Amino acid sequence: MFCKVTRLAIPPKCDAVWDRSPWKDISSERIQNFMGKKPDHFPKTEVKIAYDDMAIYVMFRVEDRYVRAVAAEDQDDVWEDSCVEFFFRPDSDVSEGYFNLEMNCGGTMLFHFQEEPGKGRIVIPKSECNQIRRAHSLPRVVDPEIEKPVTWTVAYEIPISLLKRYCRVLTPMPHVAWRANFYKCADKTSHPHWLTWSPVDYPKPNFHLPRSFGMLEFE
């Protein structure tokens, strides 16, 4: 899979409004592959990504049901909630480790750097997670589960300077490429599912397979 990353002249307002400038002029990517058995609930999930000299900007939009968010604070088990995820290596060499930034529908975040799958995990301090500005359309806690259809968005800004504390970063600029995948999951809702942007060839759900990352190319 391949995605162009739009360069912005002015940073966007961090408000999770999908159709406001500059987001309305940025094309979205669909997260429409799945891992494991095809789920009976398959929420339409889209992501947009942009950048400037200071940050990477990401926004997800999900047309969902059976929505839940109970993780109490950053670095809790947000993947058990209604969750969207951005795994990325800030250059093209996935053998050198990768970041996983996971956020539930209420804006609670898990952010790690993985030296390799299952080994060398670095938990980003909460003080540094607070440097990632974020916005979300639903309340921080969603409990009980929302069973009826609901559309939700989350957006965040990742400072490039923060990434440089953990690994080599190929500075975003035209024609630079990073490796990445986007995911949607909801492990402990009433209708769990594991959706991917770039296809992952594995017999059971497992997002920590950087060999399956697609390509981001900066414009």
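Reader: Let's start with His175: is that side chain's residue buried or exposed?
Author: The scale here calls a residue buried under 20% relative accessible area, exposed over 50% and partly exposed in between, using a 1.4 Å probe and protein chains only. His175 has a relative accessible area of 66%, so this residue counts as exposed.

Reader: And what kind of model am I looking at?
Author: Residues are numbered from 1 along each chain as its sequence is written, and side-chain values use heavy atoms, with hydrogens and water left out. Local features need pLDDT of at least 70, side-chain atom pairs count only at pLDDT 80 or more, and totals for chains, interfaces and linings use all residues, since this is a predicted model.

Reader: Back to His175, then: what is its phi, and where does the residue sit?
Author: Phi of His175 is near 80°, a positive value in a residue other than glycine. Helices (H or I, at least four residues) and strands (E, at least two) are DSSP runs numbered from the N terminus. On that numbering, His175 is in the loop between helix 2 (160-163) and strand 14 (177-185).

Reader: Tyr66 has a positive phi too; is Tyr66 buried or exposed?
Author: Phi of Tyr66 is near 55°, and the residue is in the loop between strand 5 (55-64) and strand 6 (67-69). Its relative accessibility is 15%, so Tyr66 counts as buried.

Reader: Which residue does a cis peptide bond join to Asp143, and in which strand does that partner lie?
Author: The bond joins Asp143 to Pro144, with omega about 10°. Pro144 lies in strand 12 (residues 142-146).

Reader: Where is Pro22, which has a cis bond as well?
Author: A cis peptide bond joins Ser21 and Pro22, with omega about 0°. Pro22 is in the loop between strand 1 (2-7) and strand 2 (29-30).

Reader: How far apart along the chain are Tyr183 and Phe207, which form an aromatic pair?
Author: Rings of Phe, Tyr and Trp (its six-membered ring) pair if their centres lie within 6.5 Å; planes under 30 degrees apart are stacked, over 60 edge-to-face, the rest tilted. A search of the whole structure finds 16 aromatic pairs. Tyr183 and Phe207 are stacked, 3.9 Å centre to centre with 5° between the planes, and both are buried. Tyr183 is in strand 14, Phe207 is in the loop between strand 15 (194-196) and strand 16 (214-218), and they are apart by 24 residues.

Reader: Which ring does the charged end of Lys48 sit over?
Author: The test asks for NZ of Lys or CZ of Arg within 6 Å of the ring centre and within 35 degrees of the ring normal. The charged end of Lys48 is 4.5 Å from the centre of the ring of Trp18.
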